[in-house]
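Good morning, and thank you for making time for this item. I would like to go through one structure with you, and I ask that you keep it open while I speak.

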Amino acid sequence: MTQTRRMQVLHAVVEDYIRTQEPVGSAALIARHHLQVSSATIRKDMAALEEEGYLVQPHTSAGRVPTERGYRYFVDTLATVVPLSEAQRRAMHTFLDDSVNLQDTLQRAAHLLSNLTGQVAVVASPSLGKSRLWHLELVSVSDTSILAVVVTDTGRVAQHVLTVQELPSREHLQRLCDAVNERCGSLTLRTAASRIRALHLGDGMDDVRTLPELVAHAFEAMADEERTHELFMSGVSTLAHQRATAQDLAPLFDALEERAVLMHLMTELSETPDSRGVGVAIGSETNTPGLIHAAVVTSGYGASEADGGQTDAGKDEDGAVAPIAFVGSIGPTHMNYAVTMASVRAVARYLTTFLDHTGTTETSMAS
């Protein structure tokens with residue numbers, strides 16, 4: 001579609017339908033958007049847009065409403081994502097800055113995003129597979145068990161039990177911890193595992209000879225847990241107040257219960273954002289039956305870079321830096337895309353800054 005006026009008409013129809021959720025007629029378009037052409041000309045343009053699949057007329061005497069293709073064109077041609085106002089940014093920082101830890105911050109972020117958009121907000125905790133080692137502690141818990149406690153740069157704490165035939169001395173356990181923390185600090189867990197296997201422990205350390213392999217295996221197991229990292233969700237109850245039929249809402253509620261499906265969809269979108277820093281999937285683009293009448297907007301936060309030039313899970317196939325988690329909003333296809341995209345991006349940027357500050361603080365505490 002190359003006609004400038006038709007583009008303007010399509011944008012005007014989408015904007016009005018988002019605002020009113022009522023079919024849009026030619027007279028209303030002329031009154032609201034000052035298109036300076038006759039109603040007959042607008043009707044002709046709308047008929048052409050309907051024929052091309054951008055609009056649909058639900059009833060013969062009614063106006064038009066956007067189709068999925070019409071929403072997609074609208075989203076793709078939004079020139080910019082308007083940033084939050086200064087008052088909104090201050091309110092966001094005031095609300096989120098009062099959090100007591102990472103988990104509280106993510107829960108607050110989901111609640112805030114839901115309030116900003118009036119839709120369901122989903123915030124994923126940082127993936128262990130993309131987080132970096134900050135500190136390792138090995139603690140004897142029985143004659144044959146050692147607890148490996150890993151703290152990452154994002155503030156997440158993970159634990160793994162190591163089973164040994166004979167318990168090493170406390171001094172040798174500490175020496176192994178010190179070696180790992182010194183040589184593997186700030187590496188992703190998977191890269192750290194490779195370096196741990198190559199550690200040279202020196203003479204007199206026979207009682208911990210098998211531990212590097214056990215610790216490396218534990219790190220790899222933790223890294224694989226990214227498929228199950230925690231989702232914080234808010235605003236599900238607001239769906240009941242949407243102007244939608246029970247037939248549309250029931251599958252959407254079912255889709256929200258499928259955490260693994262949402263995780264896959266929103267992770268994929270956050271890792272392939274557009275030039276505005278967000279990913280948007282509308283209706284059938286989600287490849288999720290329950291979201292056929294919904295749209296999903298996501299943005300990644302944090303960043304996982306390669307370790308010293310080595311290949312790492314933090315980079316995608318093109319070598320681009322990937323986010324460590326995502327922020328997203330789920331709502332009807334008639335959502336206010338401009339507001340939702342701006343809100344999702346703003347919260348993602350806040351969380352990126354929060355994690356950067358957390359990592360800097362932890363590094364200074366360790367040194």
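I shall begin with the overall composition and then turn to the nonpolar cores, the aromatic rings and the charged side chains.

Please bear in mind throughout that this is a predicted model. The protein contains twelve helices and ten strands. It has 367 residues, and 48% of them count as buried. As for the contacts, consider those between residues at least 6 apart in sequence: 64% of these join residues at least 24 apart.

Let me turn to the interior. The largest nonpolar core comprises 76 residues, and within it I330 and Y337 have the most contacts. Which helix supplies the largest share of this core? That is helix α12, residues 337-366, from which eleven of the core residues come. And where does the core lie with respect to domain 1 and domain 2? Domain 1 covers 1-77, while domain 2 is made up of 86-126 + 229-366; both contribute residues to the core, and it therefore lies between them.

Y337 merits a closer look. Leaving aside residues up to four places away in sequence, Y337 touches I18, Y71, F74, V75, L78, V280, I282 and A295. There is also another core, apart from the one just described, with 31 residues; V150, L162, A193 and L211 are among them.

I move on to the aromatic rings. In general, one describes a pair of aromatic rings by the distance of the centres and the angle of the planes. How many aromatic pairs does a search of the whole structure find? The search finds two.

One of these pairs is formed by Y54 and Y73. Their ring centres are 5.8 Å apart and their planes stand at 75°; since planes over 60 degrees apart count as edge-to-face, the pair falls in that class. Y54 sits in the loop between α3 (39-51) and β1 (55-56), and Y73 in helix α4, so that the pair links distant parts of the chain, 19 residues apart. Y54 is buried, with a relative accessible area of 7%. Y73 is likewise counted as buried, at 16% relative accessibility.

The rings of Y71 and Y337 also pair. Here the centres are 5.9 Å apart and the planes at 45°, so this pair is tilted. Because Y71 belongs to helix α4 and Y337 to helix α12, the pair ties together parts that are 266 residues apart in sequence. Both Y71 and Y337 are buried. One further ring deserves mention: R108 lies over the face of F95, 5.1 Å from the ring centre.

That brings me to the charged side chains. The count of salt bridges comes to 16, and I shall discuss some of them.

Consider D16 first. D16 forms a salt bridge with R19, with the closest N and O atoms 2.6 Å apart. R19 and D16 are three residues apart in helix α1 (residues 4-20), a separation of about one helical turn. Are the two partners buried or exposed? R19 is exposed, with a relative accessible area of 51%, whereas D16 is buried, at 0%.

D16 also meets R32 in a salt bridge, at 3.2 Å from N to O. This pair links distant parts of the chain, R32 being in helix α2 (residues 26-33) and D16 in helix α1, 16 residues apart. R32 counts as partly exposed, at 43% relative accessibility.

A further salt bridge joins R72 and E285, at 2.7 Å from N to O. R72 lies in helix α4 (residues 68-76) and E285 in the loop between β8 (279-282) and β9 (294-301), so the pair links distant parts of the chain, 213 residues apart. R72 counts as buried at 18% relative accessibility, while E285, at 32%, counts as partly exposed. In addition, a network of salt bridges links R5, R6, D45 and E52.

My last item is L249, which lies in helix α10 (residues 246-257). L249 is buried, with a relative accessible area of 13%. The C-alpha atoms of L249 and H293 are separated by 8.7 Å, and these two residues are 44 residues apart along the chain.

To return to one residue in closing: Y337 is among those with the most contacts inside the largest nonpolar core, and its ring pairs with that of Y71. Thank you for your attention.

Conventions: Residues are numbered from 1 along each chain as its sequence is written. This is a predicted model: local features need pLDDT of at least 70, side-chain atom pairs count only at pLDDT 80 or more; totals for chains, interfaces and linings use all residues. Side-chain values use heavy atoms; hydrogens and water are left out. A salt bridge is a side-chain nitrogen of Lys or Arg within 4 Å of a carboxyl oxygen of Asp or Glu. Helices (H or I, at least four residues) and strands (E, at least two) are DSSP runs, numbered from the N terminus. Buried means under 20% relative accessible area, exposed over 50%, partly exposed in between (1.4 Å probe, protein chains only). A nonpolar core is a set of buried Ala, Val, Leu, Ile, Met, Phe, Trp, Tyr and Cys residues joined through side-chain atoms within 4.5 Å. Domain bounds come from an automatic or database domain assignment. Contact means heavy atoms within 4.5 Å. Rings of Phe, Tyr and Trp (its six-membered ring) pair if their centres lie within 6.5 Å; planes under 30 degrees apart count as stacked, over 60 as edge-to-face and the rest as tilted. A charge sits over a ring if NZ of Lys or CZ of Arg is within 6 Å of the ring centre and within 35 degrees of the ring normal.
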